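Colleague: Hi! Could you walk me through this structure, in plain words?
Modeller: Happy to, here it is.
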Amino acid sequence: MPPKMRKKTRRAKGKSTPAPSKLSTARAVGFRPSRLDSQAGREPTKSLAQTNAALRESEERFQLALESAQMGMWDWDLPTDRLRWSEEQFGLFGIKQEDFTGVGSQGLGSIHPNDRPRLEGAIARAREGGEEFREEFRVVNRDGSVRWLAGIGRPIKDRDGHVRRMIGVNFDITERKQAEEA
């Protein structure tokens with residue numbers, strides 16, 4: 001059994017010794033401090049400038065991956081219906097950045113009418129059940145041309161378990177679909 005915590009000193013054989021510390025008591029019951037515990041109160045190991053530089057480098061790699069894969073990324077805040085797109089997403093949907101309102105319904109408005117109910121159902125299931133969706137659908141561009149996209153969406157839950165955001169990617173599969181039809 002661990003020694004009792006005392007604020008005062010105790011006497012052992014007529015000598016005054018310090019009472020056990022919280023750490024020695026914790027060790028006596030099997031607790032082992034982590035690296036974070038031992039660094040408490042110390043200066044962070046990375047400076048803010050180093051962290052920002054690492055974040056910029058990560059963003060650059062992410063951007064290169066999106067461009068190389070000809071993939072668009074989206075982030076949809078559901079309570080506000082605010083939709084953010086990567087630069088590549090605009091090209092996939094045939095929408096100019098200056099014409100984009102940033103409203104979720106605008107993105108859905110570009111979906112081919114025959115594919116819209118299925119895609120809306122997948123989105124509703126993701127919102128309600130928190131499940132990821134993977135769908136293939138057509139987008140009708142302003143010039144009337146049709147492009148096939150594959151989309152992957154992932155719901156993001158808040159601390160209470162409610163889906164508040166959805167993030168995802170879309171990529172062009174038009175050539176594959178044309179080859180399948182041939």
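Modeller: Let me start with a term: buried means under 20% relative accessible area, exposed means over 50%, and partly exposed is in between, with a 1.4 Å probe and protein chains only. Also, this is a predicted model, where local features need pLDDT of at least 70 and side-chain atom pairs count only at pLDDT 80 or more, while totals for chains, interfaces and linings use all residues. Residues are numbered from 1 along each chain as its sequence is written, and side-chain values use heavy atoms, with hydrogens and water left out.

Colleague: Good. Is Asp-75 buried or exposed?
Modeller: Asp-75 counts as buried, because its relative accessibility is 10%.

Colleague: And which side chain does Asp-75 meet in a salt bridge?
Modeller: That of Arg-165, at 2.7 Å from N to O. A salt bridge here is a side-chain nitrogen of Lys or Arg within 4 Å of a carboxyl oxygen of Asp or Glu. Asp-75 is in strand β3 and Arg-165 in strand β7, so the pair ties together parts that lie 90 residues apart in sequence. Helices (H or I, at least four residues) and strands (E, at least two) are DSSP runs, numbered from the N terminus. Arg-165 itself is partly exposed, at 30% relative accessible area.

Colleague: How many salt bridges are there in the whole structure?
Modeller: A search finds 14. One of them joins Arg-176 and Glu-180, with the closest N and O atoms 3.1 Å apart. Both residues sit in helix α7 (residues 174–181), 4 residues apart, which is about one turn of the helix. There is also a network: Asp-115, Arg-118, Glu-135 and Arg-138 are joined by salt bridges that share partners.

Colleague: New topic: how many cavities of 30 Å³ or more does the structure hold?
Modeller: There is 1, and its volume is about 200 Å³. On a 1 Å grid over the protein atoms alone, a cavity is a set of points where a 1.4 Å probe fits but cannot get out, and lining residues have an atom within 4 Å of a point. Grid points are joined across faces, edges and corners, and the volume is the space filled by probe spheres set on the points.

Colleague: Which lining residues are closest to the centre of the largest cavity?
Modeller: Of the 16 that line it, those are Trp-74, Phe-93, Leu-108, Ile-123 and Asn-170. Helix α5 gives the most to the lining, with 3 residues.

Colleague: What kinds of residues make up that lining?
Modeller: It divides into 11 nonpolar, 5 polar and no charged. Ala, Val, Leu, Ile, Met, Phe, Trp, Tyr, Cys and Pro count as nonpolar, Asp, Glu, Lys and Arg as charged, and the others, Gly among them, as polar.

Colleague: And in the largest nonpolar core, which residues touch the most other members?
Modeller: Trp-85, Phe-93, Phe-133 and Met-166, out of 22 residues. Such a core is a set of buried Ala, Val, Leu, Ile, Met, Phe, Trp, Tyr and Cys residues joined through side-chain atoms within 4.5 Å. Here α6 gives the most, with 4 residues.

Colleague: What is Trp-85 in contact with, beyond its neighbours within four places in sequence?
Modeller: Its partners include Met-73, Trp-74, Phe-90 and Phe-93, where contact means heavy atoms within 4.5 Å.

Colleague: Last one: where is Ala-150?
Modeller: Ala-150 is in strand β6 (residues 146–157), and it is buried, at 9% relative accessible area. Ala-150 and Phe-171 are 21 residues apart in sequence and 5.4 Å apart in space, C-alpha to C-alpha.

Technical notes
1 Å grid on protein atoms, 1.4 Å probe; cavity = no way out; pocket = protein on both sides within 12 Å on 5 of 7 lines; lining within 4 Å.
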